[in-house]
Amino acid sequence: MIPENLRYTAEHEWVAAGADPVRVGITDFAQDALGDIVYVQLPEPGTTVAAGDAFGEVESTKSVSEIYAPVSGVVVARNEALGDSPDLINTDPYGEGWLVELRPSDPAVLDSLLDADGYRKLTES
């Protein structure tokens, strides 16, 4: 399940580009590899993040994994529903399981992220 309308990173984050702010989450591939997600740590709104830097964590019954910023920018919202229901990432990673909304410092950088075909090739290798 790799939606065509999203952009992706090699670290298995997705970005819903085309709006300001952009919405960010982890892919179905990532949530499947992690297993049952039991806790999510996300940055506060107003936090500045740099592309490629860790900005949060997802804890599952198997491990703890860092979440990386797909682009530089400012966090304008985080998915507060994940505090009580982190399993939304497992059940709906591209919908109700989104993580944060970012205002990119350079929206043109979104074009450099993987498209669905590129991400598909990455996960198949």
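Select Ile-89 to start: leaving aside neighbours within four places in sequence, Ile-89 is in contact with Ile-26, Gln-31, Ile-37, Val-40, Leu-82, Gly-97 and Leu-99, where contact means heavy atoms within 4.5 Å. The model is predicted: local features need pLDDT of at least 70 and side-chain atom pairs count only at pLDDT 80 or more, while totals for chains, interfaces and linings use all residues. Residues are numbered from 1 along each chain as its sequence is written, and side-chain values use heavy atoms, with hydrogens and water left out.

**Stop 1: Ile-89**

Ile-89 sits in helix α3 (residues 88-91). Helices and strands here are DSSP runs numbered from the N terminus, helices being H or I of at least four residues and strands E of at least two. The relative accessibility of Ile-89 is 0%, so this residue counts as buried. Buried stands for under 20% relative accessible area, exposed for over 50%, and partly exposed for what lies in between, with a 1.4 Å probe and protein chains only. Now add Leu-99 to the selection: its C-alpha is 8.4 Å from that of Ile-89, with their positions 10 residues apart in sequence.

**Stop 2: Gln-31**

From the contacts of Ile-89, pick Gln-31. Gln-31 belongs to helix α1 (residues 28-34). Is Gln-31 buried or exposed? Gln-31 is buried, at 8% relative accessibility. Show the side chain of Asp-28 as well, and a polar contact of 2.9 Å appears between it and the side chain of Gln-31. A polar contact is a pair of N or O atoms within 3.5 Å; within protein, one must be able to donate a hydrogen and the other to accept it, and residues adjacent in sequence count only if both atoms are side-chain atoms. Not counting residues up to four places away in sequence, Gln-31 touches Ile-26, Ile-37, Ile-89, Asn-90 and Pro-93.

**Stop 3: the sheet of three strands**

Val-40, another contact of Ile-89, leads to the next selection. In β6, Val-58 is the bridge partner of Val-40. Strand β6 (residues 54-60) runs antiparallel to β4, and four bridges join the two. Two strands pair if DSSP finds at least two bridges between them. Colour the whole open sheet of three strands: the order is β4-β6-β7, and the pairing is antiparallel. β4 (37-41) and β7 (64-68) are the edges; each has a single partner strand, so one side of each has no neighbour in the sheet. On average, neighbouring strands of this sheet are turned by 25 degrees against each other, direction ignored.

**Stop 4: the sheet of six strands**

Next, colour the open sheet with the order β1-β2-β3-β9-β8-β5, six strands with antiparallel pairing. At its edges are β1 (7-8) and β5, each paired on one side only. Within the sheet, five bridges hold β8 and β9 in antiparallel pairing. To locate one of the bridges, select Gly-73 and its partner in β9, Pro-104.

**Stop 5: salt bridges**

Six salt bridges are found in a search of the whole structure, a salt bridge being a side-chain nitrogen of Lys or Arg within 4 Å of a carboxyl oxygen of Asp or Glu. One of them joins the side chains of Asp-20 and Arg-103, 3.1 Å from N to O. This pair links distant parts of the chain, 83 residues apart: Asp-20 is in the loop between β2 (13-16) and β3 (22-26), and Arg-103 is in strand β9 (residues 100-104). Asp-20 is exposed at 53% relative accessibility, whereas Arg-103 is partly exposed at 40%.

Move to Arg-78, whose side chain meets that of Glu-44 in a salt bridge of 3.3 Å, N to O. Arg-78 is in strand β8 (residues 73-78) and Glu-44 in the loop between β4 and β5 (48-49), so the pair ties together parts 34 residues apart in sequence. Arg-78 also forms a salt bridge with Glu-80, with the closest N and O atoms 3.0 Å apart. Glu-80 is exposed, with a relative accessible area of 52%. Finally, select Glu-4, Asp-117 and Arg-120, which salt bridges with shared partners join into one network.

**Stop 6: the whole protein**

Zoom out to see four helices and nine strands. The C-alpha trace spans about 35 × 35 × 20 Å along its principal axes. Of the 125 residues in the protein, 42% are buried.

How values were computed:
Axes are lines fitted to C-alpha atoms, for helices over the stretch in contact, and angles run from 0 to 180 degrees between N-to-C directions.
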